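Open the model in your viewer and keep the sequence panel at hand. The tour below goes from one selection to the next and says what is there.

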Amino acid sequence: YLLGKELHSRSAGVVVAVLALAHGMGLIEAVQYILTSNARLMMSEVPLAVMLVLFTLLVVRWLKQPQQNGAALLLAGGVLGLSTLIRHNTWFLLPLVLLLAFVGGVGRWYKRLVGPVLLLAVLVVSIAPWMWRTDRVTHSPLYFMGPLQGVVWKQRYVPALESTATPAPVVSAGETAAGTAVPDVLVTPEAAAVQTAEPQAVASTGGLGKILGAVQFIAAHFFHNLVATVLILPTTLRYDDLVHTLQQPGSYWSADWLGQLSLGGGLLLLANLVWLAVGIGFAWKRWRLAGLTPLVMVLGYLAASAVARTSGGRYVVPVDWGVYLYFGLGLAQGITWLALLLGKRRLPESAEPVETESQPPAPAARVVGQGLLAALACLAIGVAVVLTDTAFPRRYTPLQPADFLAGARSAALSQATA
């Protein structure tokens, strides 16, 4: 609601909020039939979606009035830092928001650097407690390097790039249902695997072939993400239950869907894209960079997911709100045009084009105070995460491998004696 209100009007905020509620209810029911995530599951996607919406809202508010809302940019840095504790894909958004902070700043280039530097500082403050905890446990403060090296690089890239790799079963991108999650991890030949790039072909064509192969499967995952996010919008004019919508022949989520569109499905997809374009165009015309910020965040996160070789299903839940955000803006603007056609001369509130005027900067004391308050709030949340790791007593005592084996032998001996 707040994002819709910031970018259009209160009525647009209501439209987007209703779409968000409908989408959330649909996810709760759809989890029975497709691999997705919802607010009732203890998974990371929905909490991250909330964090990214808050992060985007803060950046939008700063870009609209950079000289008045300096604290919003600093708080956005803290929210982004805390988001990295949920999923590491959000690191991909850091260079994007630093670029937005530089381009959206006011004054000469060295003055524009102040915003990105302060944002980065608050981000470091927010994650400093967890970096300290990680350093104590793993002897390295870089808590993201373990998943990056152990999962993404060693399990998903190295087997595909090494010439000695034995490829797992391969399913091409065209044979993958649009809404199906694709983790794209090389596993043993006995396990089911879904691949969008042929590791054997990547390995056999030399260095350039490896690079082209990596580009191929990253691009395949990225466009799979785009398709999966757009298809959260209505796909048929017939109001049906989710069982038929997801599992009927020719459904986009069916495993046997070959990428073909029916006449009705193609027309509705075109209509959805038109309303999306209207929403994006209106946001850009009215707010320029601030209006495109949600789009930048959505594409950035989908690109990060593609680089990690994951796509579709639950992997798009953290940012699929961007689709119905712009879709809702497009619908609200369509209602505005309809009102004009029916003779209502004045546009609804907050829907008229805004003339951006240069505003005087906020008092330095207020900016410093709000910045310190934002940094302390993010630090307190980061400390709370560490405290919860130590506040509750361990239920099971950690055992060394030798102690575990000795206990297992003793238990086996006792059982055999009995």
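A residue is called buried under 20% relative accessible area, exposed over 50%, and partly exposed in between. At 46% relative accessibility, Arg-288 therefore counts as partly exposed. The model you are looking at is predicted.

**The whole chain**

Start with the full protein chain in cartoon view. Its secondary structure comes to 16 helices and zero strands. The protein chain has 418 residues, and 40% of them count as buried. Among contacts with a separation of 6 or more, 75% join residues that are 24 or more positions apart. Now switch on the surface. The chain exposes about 22,600 Å², and 68% of this area is supplied by carbon and sulfur atoms.

**Helix α5**

Select residues 93–103, which form helix α5. Which residues of α5 are buried? They are Leu-93, Leu-94, Val-97, Leu-100 and Ala-101. Look down the axis of α5: these buried residues fall within an arc of 125°, so they line one face of the helix. On the other side of α5, Pro-95 and Leu-99 are exposed.

Next, show what surrounds the buried face. The buried residues of α5 pack against α3 (45–64), α4, α6 (109–112), α7 (114–138) and α13 (289–307).

Keep α5 on screen and add α7. The two helices pack at an angle of about 145°, and their axes are 8 Å apart. From α5, the contact is made by Leu-94, Val-97, Leu-98, Ala-101 and Phe-102; from α7, it is made by Gly-115, Pro-116, Leu-119, Leu-120 and Leu-123. By class, this contact has nine nonpolar residues, one polar residue and no charged ones.

**The nonpolar cores**

Now select Val-97 and show its side chain. Which residues does Val-97 contact, leaving aside its neighbours within four places in sequence? They are Phe-55, Val-59, Leu-80, Leu-119 and Met-297. Val-97 also belongs to the largest nonpolar core, which has 50 residues. Together with Phe-55 and Trp-321, Val-97 is listed as having the most contacts inside this core. The largest share of the core, eleven residues, comes from α3. A second, separate core has seven residues, including Ala-30, Leu-231, Leu-246 and Trp-253.

**The end of helix α4**

Select Ser-83, which lies in helix α4 (residues 70–83). Is Ser-83 buried or exposed? Its relative accessible area is 0%, so Ser-83 is buried. Not counting residues up to four places away in sequence, Ser-83 touches Leu-48, Met-51 and Thr-90.

**Two arginines with positive phi**

Return to Arg-288, in the loop between α12 (263–287) and α13. Most residues other than glycine have a negative phi. The phi of Arg-288 is near 55°, a positive value in a residue other than glycine.

Then go to Arg-309, in the loop between α13 and α14 (321–341). Arg-309 is not a glycine either, yet has a positive phi of about 60°. Where Arg-288 counts as partly exposed, Arg-309 is buried, because its relative accessible area is 0%.

**Leu-289 and its surroundings**

Move to Leu-289, which is found in helix α13. With 25% relative accessibility, Leu-289 counts as partly exposed. Draw a distance from its C-alpha to that of Lys-64: the two residues are 225 residues apart in sequence and 8.5 Å apart in space. Leaving aside neighbours within four places in sequence, Leu-289 is in contact with Leu-63, Leu-100, Val-103, Gly-104 and Trp-284. One of these, Leu-100, is among the buried residues of α5 seen earlier.

**From α7 to α8**

For the last stop, select Leu-142 in the loop between α7 and α8. Leu-142 counts as partly exposed, at 38% relative accessibility. Its C-alpha atom is separated by 6.5 Å from that of Met-131, eleven residues apart along the chain.

Go on to Met-145, which is found in helix α8 (residues 145–161). Met-145 has 24% relative accessibility and so counts as partly exposed. Met-145 and His-88 are 57 residues apart in sequence, and their C-alpha atoms are 9.6 Å apart in space.

How values were computed. Residues are numbered from 1 along each chain as its sequence is written. This is a predicted model: local features need pLDDT of at least 70, side-chain atom pairs count only at pLDDT 80 or more; totals for chains, interfaces and linings use all residues. Side-chain values use heavy atoms; hydrogens and water are left out. Helices (H or I, at least four residues) and strands (E, at least two) are DSSP runs, numbered from the N terminus. Buried means under 20% relative accessible area, exposed over 50%, partly exposed in between (1.4 Å probe, protein chains only). Contact means heavy atoms within 4.5 Å. Accessible areas come from the Shrake-Rupley method with a 1.4 Å probe; for residues, only the protein chains shown count as cover. The arc is that of the directions from the helix axis to the C-beta atoms. Axes are lines fitted to C-alpha atoms, for helices over the stretch in contact, and angles run from 0 to 180 degrees between N-to-C directions. Ala, Val, Leu, Ile, Met, Phe, Trp, Tyr, Cys and Pro count as nonpolar, Asp, Glu, Lys and Arg as charged, and the others, Gly among them, as polar. A nonpolar core is a set of buried Ala, Val, Leu, Ile, Met, Phe, Trp, Tyr and Cys residues joined through side-chain atoms within 4.5 Å.
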